[in-house]
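Grab a coffee and open the viewer: here are some exercises to work through with the structure on screen. Try each task before you read its solution.

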Amino acid sequence: MNVDQLADSLRRDPMFMENVVRWEELPARPAQYAPFPEGLDPRLVPVLQRRGVHQLYSHQAHAVREVLAGRDVVVVTPTASGKTMCYNLPVLSAILNNEDARALYLFPTKALSADQVSELYELIEEMGVDIKTYTYDGDTPGAARRAVRQAGHIVVTNPDMLHSGILPHHTKWVKLFENLKYIVIDEIHTYRGVFGSNLANVLRRLMRLCAFYGSHPQFILCSATIANPKELAETLTGRDVTLIDDNGAPMGRRHFVFYNPPVINRQLGIRKGVIPETRQIAGMLLKNGIQTITFARSRLTVEVLTKYLKDLMRDPLGNAGRVRGYRGGYLPTQRREIERGLRAGQIDAVVSTNALELGIDIGALDACVLCGYPGTIASAWQQAGRAGRRKGTSIVFFVASSAAIDQYIVSHPDYFLRQSPENALLNPDNLYILLSHFKCAAYELPFEDGDGFGNAPAPEELLGFLEEENILRHVDGRYHWMAEDFPASEISLRSAASENFVIIDITDPAHHRVIGEMDRYTVPMLLHENAIYMHEGQQYQVEKLDFDACKAFIRQVDTGYYTDANLNVSLSLLDVEKSEDTPEGGSCALGEVKVTTLVTMFKKIRFDTHETLGFGHVRLPETDMHTTAMWWTLPDSLCARFESDTLKNGMLAITNLLRIVAPLYLMCAPQDVAVLYQVKSPITDRPTVILYDNCPGGVGLAHKAYGMQKLLLEKALQIVTDCACTQGCPSCAGPVGEIGTDGKQTAMTLLKELIR
Amino acid sequence: MNLRDKLRAVDGGSKRHQQPQRQYTSCWQRRETRPMEDFPRVLEVRGETVMLMQGEEMPEDFDPRRILYLDTETTGFAGAGTVAFLVGVGSFAEDGFTVRQYLMRDYPEERFLLRALEEELAQFDVICSFNGRSFDVPLLRDRFLMNRMNPDCLDKPHIDLLHMARRVWKLRLKQCSLGRLEEAVLGIAREGDIPGAQVPQRFFDYLKTGQFDLLRDVIDHNAQDIASLCVLLSRMARMYEHPEEALHTEDVYAMGVALDRMRHPEEARRCYRLAMGGSLRTQSQLRLAVSYRRGGDRRQAKEIWQAMAMRREGGATPYIELAKHYEHVEKDIPAALEMTRRAMMLLSEPTLFDSTAVQEERNAVQYRYDRLKSRLKEQ
């Protein structure tokens with residue numbers, strides 16, 4: 001059966017359709033073409049024509065035109081719409097015109113850069129010109145580095161390497177900096193939160209050095225579909241950026257099926273598992289010979305589903321090999337082989353984590369199954385975009401898990417289909433991040449009186465501070481670096497906390513093995529001594545946590561339980577930035593807080609039954625974090641209406657609801673915000689619900705939440721009202737065991753009053 | 001206090017430190033001349049010898065008077081934020097060895113320091129340093145660039161004593177820092193010398209306090225380094241020219257290995273022959289034989305192996321080498337087989353404590369034996 005036939009037969013199957021909440025058909029879209037823009041080097045066009053490209057899609061031509069006109073651009077493109085052409089054409093054209101011209105390509109991961117470079121190589125080889133493209137990252141051998149620095153026309157790297165390997169040694173890269181014409185940054189939607197805030201500062205440093213060497217590079221940025229590509233691009237680069245989103249790539253018809261597994265216990269709100277249901281749908285596609293990609297949220301789920309599908313295909317001819325898993329942790333060569341197999345059609349089904357969500361070229365598949373909601377609309381669309389050929393029909397199944405956010409999506413398909421994807425938020429002026437990069441910048445090139453740092457606020461304050469700390473010396477109008485440190489080594493771009501803990505497997509005494517890393521804020525929760533730590537489906541027990549040396553030593557175990565640490569969070573107020581009154585004498589405020597977390601004990605919980613087997617103590621120091629928070633203070637008159645326990649249950653229910661709603665409307669990952677309540681808050685002395693940025697300094701999520709506080713409460717109320725459960729369930733306010741029998745009702749009353 | 005409060009407490013740093021505007025017109029300089037007697041034979045260093053040592057071309061009109069000895073003191077390891085705050089150079093004048101030192105008393109003086117260095121370099125043909133190729137010169141090049149000055153003056157033939165010294169003395173001394181070489185090779189003992197690791201902090205402390213005395217140690221340390229460079233070069237050159245004068249046969253042997261690698265077989269063999277009188281007798285003979293074999297002198301090589309075998313030196317190795325010789329050069333399979341058999345006897349009686357290397361050697365010999373035997377049958 002092909003996709004059209006399969007869709008028809010499913011629609012006629014009442015058993016299946018019973019669980020389909022919504023069947024959306026997205027119509028086919030024809031291609032829109034445009035001729036090659038004027039101004040491209042004449043040597044390029046014949047090469048493209050030989051490769052079968054006789055004209056460009058409208059957005060490609062538009063992008064190239066704008067770039068050639070000297071503008072910075074951000075191109076928003078869905079998967080497989082030929083975005084690399086948008087930057088490769090102007091870059092190659094510029095180098096053909098002037099062999100001294102240089103370009104810098106930044107990709108978020110090494111795998112992506114390898115993939116994009118191979119495409120570039122093909123074009124260059126076909127032209128038979130001497131344009132040198134080199135990858136410069138941690139894997140580049142020492143001997144090759146000199147050649148890259150001297151002769152690379154196009155240097156492909158990642159933000160981390162730019163930050164610690166290139167900028168602090170800029171004098172070795174004179175050729176690049178003097179002649180830098182284009183800076184290409186792909187997949188900019190991944191640069192949100194801390195990573196994005198760091199990258200924005202790395203770019204401030206880069207532009208400072210370019211100015212020193214007298215070059216004025218242009219930016220060419222690419223993003224997947226998000227709500228605010230232009231804003232993101234402008235925040236990252238500090239420039240006015242032209243938005244190009246007139247996608248001209250063709251797309252065949254697409255079915256989007258929202259599938260909610262049947263309820264098996266209505267009172268407790270328990271549904272059939274997402275994994276067996278996904279197994280069934282993916283298996284059906286596979287049996288019909290439809291090439292399918294399945295996305296799962298965890299590495300473990302990937303492995304489990306891969307095994308199920310392989311078993312389904314297993315036969316003496318070795319057809320189980322037509323089903324493959326794909327995730328981080330596989331060797332690069334193995335990953336390349338799977339990617340090739342997908343492109344060549346030798347692989348019928350692949351089960352992947354979000355590792356295949358980014359722009360790695362695997363061709364287009366016929367069907368996609370999302371096993372659970374990936375967390376954001378943007379990545380759901382990215383994943384769904386893996387199915388969808390330019391011609392012919394494709395189909396996407398979203399199989400909801402029982403997680404609250406999945407249930408929200410599946411019961412509000414319109415939210416998903418109509419709402420624009422998330423905003424990517426970042427805050428380059430986060431004081432902690434800014435100061436770290438400011439030090440790097442001062443190391444790289446002395447600041448002079450009156451110098452700015454991109455559009456960062458108050459550079460003279462930072463300079464004064466660093467002078468006072470004896471890190472800089474101000475003399476004769478310049479600030480000179482006056483320390484032995486190498487400041488770039490103190491920052492990790494992917495998390496605000498600079499020191500990561502390494503996780504060391506000591507199962508084999510002769511061969512200790514580093515298996516992972518974790519940022520220091522998460523360590524007390526997951527790596528305290530005696531914690532059960534899960535990695536690639538294997539259980540480990542933490543034997544020793546060396547807090548000072550930032551190391552956790554773990555050993556493989558096989559236990560029937562997992563652990564859950566009890567985190568005590570206390571907040572103290574540092575500063576109120578703004579506040580507004582809400583009805584009945586309540587208020588909503590925004591400010592800076594100190595969050596102190598302390599893990600004191602953990603529970604051992606049996607797998608499957610989830611019963612508590614026992615407790616253990618944890619002895620760890622407190623962790624402090626300064627961040628931005630916003631909070632709602634409940635009016636006295638309203639609180640007075642409830643018994644204290646009832647009020648508590650209601651507030652807990654509200655925090656559970658906000659935890660679902662906030663990531664959806666703040667366009668962030670669930671772990672980026674924290675929500676908690678305090679019956680007598682030290683901040684306000686009253687019952688208070690608090691939402692804060694879960695990273696030092698904050699990236700602006702609390703600010704954004706403050707601006708949409710009423711909307712958040714409305715959406716929370718909507719979920720709890722729409723939910724069919726009677727007294728609360730895991731999909732809305734929380735299970736009865738947690739919020740009591742009165743929690744849901746109290747939350748509804750409180751929310752209604754708060755938004756009145 | 002959190003970071004924001006600290007920042008607030010700082011009221012516009014630039015305004016606070018309104019020091020009286022100083023005019024910066026030059027850097028600090030010191031010039032001292034050391035008597036010629038302290039530098040015996042240093043003017044005898046010949047260009048050909050340096051080429052032997054370094055394996056690189058030197059100017060045709062090489063003249064020890066036109067070498068500029070160079071050493072810097074810096075604020076840290078390589079990177080754009082590290083500066084060379086003190087640059088010392090040395091060379092010969094009529095009245096002795098003069099050391100000129102240029103120090104920036106504050107950052108704005110750096111350009112004067114660099115300009116002085118540029119003028120110094122213009123007057124000489126060759127730079128001589130200790131690890132300057134990898135450290136001092138690239139760092140100075142960065143400083144020229146950061147000050148928008150042309151770094152081309154640094155492009156000169158460069159004698160880097162670190163690598164040469166390692167080739168000669170690593171075997172005996174294990175560690176080859178300049179300080180260790182002064183002590184063990186030049187017989188110079190420094191007193192109250194400042195450890196290199198403390199130098200950056202000294203400079204920062206000086207900047208903060210303005211007490212110039214903090215730098216005295218650093219300046220003296222630097223001057224001594226430069227004088228030592230000069231003595232070390234001539235000592236090393238003398239050793240290459242007269243290996244028979246060397247006190248340690250290990251050094252002579254190491255020199256032979258270095259010369260071999262630089263493709264100077266005649267000079268290398270001379271060293272091996274001298275080293276045969278010492279603790280490295282066996283290695284020296286084996287090296288010597290290999291050197292002859294490579295040079296095509298099979299007869300000489302064979303004689304050495306035979307002599308070693310006769311004196312029971314070198315274990316199985318001479319026999320194995322002889323076996324190869326008989327098989328490949330003289331095509332005498334029975335003789336080759338006999339040599340292999342003797343090698344096997346020497347390697348026989350395996351013990352539990354054999355290293356894998358010995359086991360591998362034994363396997364290789366066994367394999368050779370079997371192969372030769374089957375060849376013999378074929379004939």
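**Exercise 1: the interface**

How many residue pairs are in polar contact between chain A and chain B, with both residues at pLDDT 80 or more?

*Solution.* Keep in mind that this is a predicted model.

- Step 1. The count between chain A and chain B comes to eight residue pairs in polar contact.
- Step 2. Now see who supplies the chain A side. Helix H18 (431-444), helix H19 (459-468), strand E20 (472-475), strand E21 (478-481) and strand E27 (561-582) of chain A each bring at least two residues to the side that touches chain B.
- Step 3. Of the contributors, H19(A) gives the most, with seven residues.
- Step 4. Sort the chain A side by character, and you get 17 nonpolar, eight polar and eleven charged residues.
- Step 5. For the overall extent, the contact takes 36 residues from chain A and 35 residues from chain B. About 3300 Å² is buried between the two chains, and carbon and sulfur atoms give 56% of that area.

**Exercise 2: salt bridges across the interface**

Find how many salt bridges cross between chain A and chain B, and look at one of them.

*Solution.*

- Step 1. The rule finds two salt bridges across this interface.
- Step 2. One pair to pull up is B:Asp106 with A:Arg473, where the closest N and O atoms are 2.8 Å apart.

**Exercise 3: buried or exposed partners?**

Take three salt bridges within single chains and classify each partner as buried, partly exposed or exposed. The cut-offs you need are under 20% relative accessible area for buried and over 50% for exposed, with partly exposed in between.

*Solution.* Over all chains, the salt bridge count comes to 65.

- Step 1. Start with A:Asp186 and A:Lys83, whose side chains meet in a salt bridge at 3.2 Å, N to O. This pair links distant parts of the chain, 103 residues apart. A:Asp186 sits in the loop between strand E8 (180-185) and helix H10 (193-213) of chain A, and A:Lys83 in the loop between strand E4 (73-76) and helix H5 (84-97) of chain A.
- Step 2. A:Asp186 is at 1% relative accessibility, so it counts as buried. A:Lys83 is at 15%, so it counts as buried too.
- Step 3. Next comes B:Glu109 with B:Arg105, the closest N and O atoms being 3.1 Å apart. B:Glu109 has 0% relative accessibility and is therefore buried, while B:Arg105, at 27%, is partly exposed.
- Step 4. Last, try B:Asp213 and B:Arg216, with 3.6 Å between the closest N and O atoms. B:Asp213 is exposed because its relative accessible area is 60%, and B:Arg216 is partly exposed at 38%.
- Step 5. As an extra, salt bridges that share partners join A:Asp4, A:Arg11, A:Glu25 and A:Arg253 into one network.

**Exercise 4: neighbours of two buried residues**

Work out what A:Leu203 and A:Ile290 touch, leaving out residues up to four places away in sequence.

*Solution.*

- Step 1. A:Leu203 lies in helix H10 of chain A and is buried, at 1% relative accessibility.
- Step 2. Its contacts are A:Leu106, A:Ile185, A:Phe219 and A:Leu236. Check A:Pro159 as well: 44 residues separate it from A:Leu203 along the chain, and the two C-alpha atoms are 9.1 Å apart.
- Step 3. A:Ile290 is in the loop between helix H12 (274-287) and strand E14 (292-296) of chain A. With a relative accessible area of 3%, A:Ile290 is buried.
- Step 4. Among the residues A:Ile290 touches are A:Met1, A:Val3, A:Leu6 and A:Asp348. A:Asp348 is 58 residues away from A:Ile290 in sequence, yet 7.1 Å away from C-alpha to C-alpha.

**Exercise 5: positive phi**

Pick out two residues other than glycine with a positive phi, and say where each one sits.

*Solution.*

- Step 1. Here's the background: most residues other than glycine have a negative phi.
- Step 2. A:Glu187 has a phi near 55°. You'll find A:Glu187 in the loop between E8 and H10 of chain A, where it is buried with a relative accessible area of 3%.
- Step 3. B:Asn131 has a phi near 70°. B:Asn131 is in the loop between strand E5 (126-129) and helix H5 (132-146) of chain B, and at 25% relative accessibility it counts as partly exposed.

Definitions and conventions
Residues are numbered from 1 along each chain as its sequence is written. Chains are lettered from A and ligands numbered from 1 in the order in which they are written. Side-chain values use heavy atoms; hydrogens and water are left out. Contact means heavy atoms within 4.5 Å. Buried area is the accessible area (1.4 Å probe) that two parts lose on being put together, summed over both. A salt bridge is a side-chain nitrogen of Lys or Arg within 4 Å of a carboxyl oxygen of Asp or Glu. A polar contact is a pair of N or O atoms within 3.5 Å; within protein, one must be able to donate a hydrogen and the other to accept it, and residues adjacent in sequence count only if both atoms are side-chain atoms. Helices (H or I, at least four residues) and strands (E, at least two) are DSSP runs, numbered from the N terminus. Ala, Val, Leu, Ile, Met, Phe, Trp, Tyr, Cys and Pro count as nonpolar, Asp, Glu, Lys and Arg as charged, and the others, Gly among them, as polar. Buried means under 20% relative accessible area, exposed over 50%, partly exposed in between (1.4 Å probe, protein chains only).
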